[in-house]
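Me: I'm new to this structure and would like a close look at how its strands pair. Could you walk me through that part?

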Amino acid sequence: MSGARREQLAERLRGFHAVELEQVLEVIDYLRDGEDSVLVGGSLAYGLGNEKSDLDIVVAGPPGSQSSSRMPLEHFIDTLRVDVWKLRVDELEALFELAQSRLADPAPFAGAFGDVFEQADLKLLHRVAYGVVIDGPQLTPEAGREYRAVAGQLLVREYAERMRHALFLAQLAQAAGRPLAAAINARFGVEDALQAAIAARGVPFSDNKWLQTRLEGEAGDLREAYRPFMVLPEGGEASATFVAAAVGAAEELAGTALAAGALAADAAWENGGLRLLPAGDLLALLDPEQDVVYELDPEEAEAWRALGEGPSWSCAECSEAQGELCFSLYAEGMLKLTWSRGLPVGELGLRVGELDEVR
Amino acid sequence: MKSVDLGARRYIWCRGKAAWLMGPPAAQWLEDLRGALAAGQTGLARHVSRQLAEDCAVMLALTLTHGRPVPEPNMRAAWALERLAAEPVAADCWELIRGFDELPADEQLVERCAELQRRARELVGHVPDALSPEGYYPALGLAREWIELVSAVGEGGFLPGEWTRGSDA
């Protein structure tokens, strides 16, 4: 199996770039240790990719060997860009350990595997779990650990939480009379639900850009679920129907309730530095640090005052006027939307395919 | 000489954000689009043209309307399109962001995306593609100049986060 995947990868490299795997190994040889493994992950290794795709390589060295930063070391072989991460196997095990502890933690992923670096870590985990070994021995996980189960569950949860976030926003935007933001987030929510459903089948992580390609291929049975959401509705009136349909479709895909009323209890608005400073008729909502000021009308100012001093406000406890004001500020980038709890995989009704429960 | 009728801090922040937050991905999307179309990957082409339009819309909104801050990714397209509502370019962005029942012909799609990118770059300036051999060092050189500029107006850096991890701790 591994040999067949290696050969498929070699053929793709040959076809797209006229480059042989041996040339790649030669170029990265200076990074090698005696007993390391060279794994190729990313779109080209997963049967995706094209002539513009780069090659992602993890060189996993023995304990005590040198490792690079999380930024890849770039190499070029003719038209092929080769990005290399050099890490020790004990660092990779620590990363899987971290992932397992995050999965066992009910806290939301945002800030755990949610930012750009941790997304890089998420990709790294998938390269290790699903990568093609092109030289050296297969990596052996610590006893009791299944690389693919950890990486897969992590991906499911990441996308499930993104789905919840997007669909909550879609419904808030619709309620606040912002049909454009509502429709855009509704589509995001369905796409995230599809990503979670595909990930639950044990498919490795690839960027969002490959979702539609997967729906044309290995996840073709989900294509019809996506079709109504491929194109955003024209005009505000259609967005209410679009959002409601998106919530329904995602609920069916993920097997969890996503109505705004049910989600609000776990969501809160978080204020960074906005303060209301009245000066006569001017009701200025100001954040000097951000160099930003808004003029509020008296009703908005009252809604703001009634929110109280706290740095965060539960969405469930906001009045309609407060909800609309908070959403408007959020849409301007001035408030954050935070979650008090994550969305553990066990709470979802996804068909998990070959994905095992992580212990 | 052109005088800037806006606070120096906000002007430089907006221009810098446009150049560095959205510029490099927008350049990459056009390459991805060409690759997708060459390989007949229409799903990828749909996604890429949408993302390119969103990034260009944000760049244009930053430079034409000087909005600050930029909201989180889920809200950026709506934020930019609402801000650009009075600009003719908004319709071009919207069509690509909205998506297509039937994808336009390859050349037509590339042309529309390239034109949008050209208009954004005209306002924002060119940022070399750090992911290409010819753009790597020029991008580093330009980043250095921008760091000096934003520091001069008392702003923090806004280079892509993965460029600065650890150094801004």
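Reply: Here is a walk through the strand pairing, with a few words on the domains to begin.

Please keep in mind that this is a predicted model. The domain assignment splits chain A into domain 1 (2-138), domain 2 (156-258) and domain 3 (265-339). Between the C-alpha centres of domain 1 of chain A and domain 3 of chain A there are 44 Å.

Let's start with a hairpin. It is made by strand 3 and strand 4 of chain A, with two residues between them. In the turn you will find Asp78(A), whose phi is positive, at about 50 degrees. Strand 3 covers residues 73-77 and strand 4 covers residues 80-88, and the two are joined by five bridges in the antiparallel sense. To see one such pairing for yourself, pick out Phe76(A): its bridge partner in strand 4 of chain A is Arg81(A).

Now move along to a sheet in chain A. It is open, has three strands in the order 7-8-9, and its pairing is antiparallel. Strand 7 (275-279) and strand 9 (292-295) of chain A are the edge strands, each pairing on one side only. On average, neighbouring strands of this sheet are turned by 30 degrees against each other, with direction ignored.

Within that sheet, have a look at strand 8 of chain A, which takes in residues 282-287 and pairs with strand 9 of chain A over four bridges, in the antiparallel sense. A good place to rest your eye is Leu285(A), which stands opposite Tyr294(A) in strand 9 of chain A.

Conventions. Residues numbered from 1 in each chain as written. Chains lettered and ligands numbered in written order. Predicted model: local features only at pLDDT ≥ 70, side-chain atom pairs only at ≥ 80, totals over all residues. Domains from an automatic or database assignment. Pairing = 2+ DSSP bridges. Axes fitted to C-alpha atoms, helices over the stretch in contact; angles between N-to-C directions.
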